[in-house]
Amino acid sequence: MRSPIDLCPAVIQHCGMTDSSEVRVRFAPSPTGFFHIGSARTALFNWLYARHTNGKFVLRVEDTDSARNTPEALAALLDGMRWLGLDWDEGPEVGGDYGPYFQSERQDIYAEYLQKLLDAGRAYEKDDAIFFKLEGERYVEFDKYKNAEVEKVRTEPITVKDAIRGDVTRNVETDFVIRRSNGDYGFHFVNVVDDIAMNITHVIRGEDHLSNTARHVEIYQALGAQPPVFAHLPLILKTDGKGKMSKRDQGSLIEEYVQRKFIPEAVRNFICLLGWNPKDGSEIMPIGDIIEKFDFPGIQKEAARFDEKKMSHINTEYLRALPVETFCWMAGPVLAEAKVIDESTEEDYLHAILAISQEKARDFEGLPELVGPLFNEDFAVDPEAQKRVFKKGEPLTRLAELLPVLEQVDPWCENSLDQAILDLAEKKGQRKFDYFPIARLAVSGQAGGPDLLALLRALGKERVIARMRRFADMQEA
RNA sequence: GUCCCCAUCGUCUAGUCAGGUCUAGGACACUGGAUUUUCAUUCCAGCGACCGGGGUUCGAAUCCCCGUGGGGACGCCA
């Protein structure tokens, strides 16, 4: 079975050599059971940068919070990554030279680095926890935010080199916990230690981490390590209202797009555009082109508002551009799930209907409703459609005239159907198109849909005649 | 409260670094028109923005300052 994601041809095979200049990026999620669009974007941008530079994309699982991190949560994350076509070069299931790739299995490494800090006098124990010790003159100040007296340190300002924002200078002014009193290591510490130990060269993450980065740089310096290049991505804001997008917002979870049958490439293309653009105006493009064009200068500084309409538009564009075979291959399961088709549905008929419906479809979510009547001989007639068709002319007379003519059509193809209706119209002094709306309504119960002649052809003579008779009988009753 | 980041159509953005080619370009959405048997197709058109105030300059969307607005961080969460 083929994956819906086209594994991009533009990805050049990585040469196995370890080059000191090789880019190594990582995505370090904490599996919570959901794959948030913001996390997905961070993963995607790291992946793009790795592929663009022919570097390595590392997946490291920050599962230090044992209460929240379950196997199911991990599976949800990995499934989401795969759905978006984001393959990792090192990490769970694939291994690598810098493992283990679960933080829960890296305790020895943390202990080792902690000892280095302790030995250097840059960490101390207090209240059973271990704190990172800043260097500088100490003083006590009342902190309004914490509403308490706090010990502060006059430190040298830290300048963070950020590939998107330039130099960002900030002071860290309080010692902070690197190992909690329960023995767990804190985020700032493990994050930096892992990045050092895994030889990470570029840290690409959300802007919400920017303020924390000065702390991270303090740790790098205390450990005598060279900080990586940072790249802080703009946040994704709610469609309307205040603040960044959260789990509860419509459209914020990748799972939602999976359920709603969005095309993964379309979702991925849309997420690429959330805070990045190629500067040449192109929006919908193959992933190979995106990889080629992706780089830090194209990344936006300002937070972007999420727009579901644009997401849908891109999805529709992808759907229409699908090769008809792929469209059918993807539509089958959707229709089966919606009980529009089952094992008894003829393969050829299904294919014929889908082939003429693709250009009318907007998304897979709405496909069952669009083609449902074509697979159900007891389809309901849409009252609105009926009202419109019966507004003018004598549709029932036209239908009665049409039926015997259609019975004689041979071969059953668009050309002869067209010709037969044309001849009939001429004979009766009507226009050809006086027959079209009622024919469509009679065979599908709808006022719109695929091209009528193509639809009649696809339905086949037997179905068309039967459906028209049934419709005519219903009108008499 | 303190610190940090940011600021172009309703939304996503191009242009800002290297000031003039910008009466500010594109996309989504919206509105109108054309075509079509229908339509959720296609085509065309319209609507619509440089946050405010100072400064520098012959010239500012672009550089500087001050406001204002938006976002973020300040956990023994990650």
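This report walks through a predicted model, looking at the surface around an RNA strand, the largest pocket and one helix.

**Around the RNA**

Let's start with RNA strand B. The protein surrounds this strand with 55 residues, and the closest of them are K146, K360, F433, A447 and D451. Which parts of the strand do they meet? Of the RNA atoms that come within 4 Å of the protein, 67% belong to sugar and phosphate.

Three individual contacts let you zoom in on that picture. Here they are side by side:

| Residue | Atom of the residue | Atom of RNA strand B | Distance |
|---|---|---|---|
| E62 | polar side-chain atom | sugar or linking oxygen | 3.0 Å |
| F187 | backbone N or O atom | phosphate oxygen | 3.4 Å |
| K244 | backbone N or O atom | phosphate oxygen | 3.3 Å |

So much for single atoms; now for the bigger pieces. Several elements each supply at least two residues of the surface near the RNA: the strands β8 (166–170) and β13 (304–305), plus the helices α4 (187–197), α9 (308–321) and α16 (436–444). Helix α9 takes the largest share, with four residues. And what kinds of residues make up this surface near RNA strand B? There are 26 charged ones, 15 polar ones and 14 nonpolar ones.

**The largest pocket**

Next, look for empty space. The largest pocket holds about 1100 Å³. Its lining is made of 38 residues, and if you want to find the centre, go to P29, S30, S39, D208 and H209, which are the closest to it.

Which elements build that lining? β1 (24–27), α1 (37–53), α4 and β10 (202–206) each bring at least two residues. You have met α4 already, since this helix also supplies at least two residues of the surface near RNA strand B. The top contributor to the pocket lining is α1, with five residues. By type, the lining splits into 14 nonpolar, 14 polar and 10 charged residues.

**A closer look at α1**

Since α1 gives the most to the pocket lining, let's follow this helix from end to end. It's 17 residues in length, and its first and last C-alpha atoms are 24 Å apart, close to the 24 Å expected at 1.5 Å a residue.

Is α1 largely enclosed or largely open? Of its 17 residues, 14 are buried, so the rest of the structure largely encloses this helix. Just after α1 comes N54, and its phi angle is positive, near 60 degrees.

Note on methods: Residues numbered from 1 in each chain as written. Chains lettered and ligands numbered in written order. Predicted model: local features only at pLDDT ≥ 70, side-chain atom pairs only at ≥ 80, totals over all residues. Heavy atoms only, no water. Near = heavy atom within 4 Å. Polar contact = N/O pair within 3.5 Å; in protein donor to acceptor, adjacent residues only side chain to side chain. Nonpolar A, V, L, I, M, F, W, Y, C, P; charged D, E, K, R; others polar. 1 Å grid on protein atoms, 1.4 Å probe; cavity = no way out; pocket = protein on both sides within 12 Å on 5 of 7 lines; lining within 4 Å. Points joined across faces, edges and corners; volume = space filled by probe spheres on them. Expected span 1.5 Å × (residues − 1). Buried < 20%, exposed > 50% of the residue type's maximum accessible area, 1.4 Å probe, protein only.
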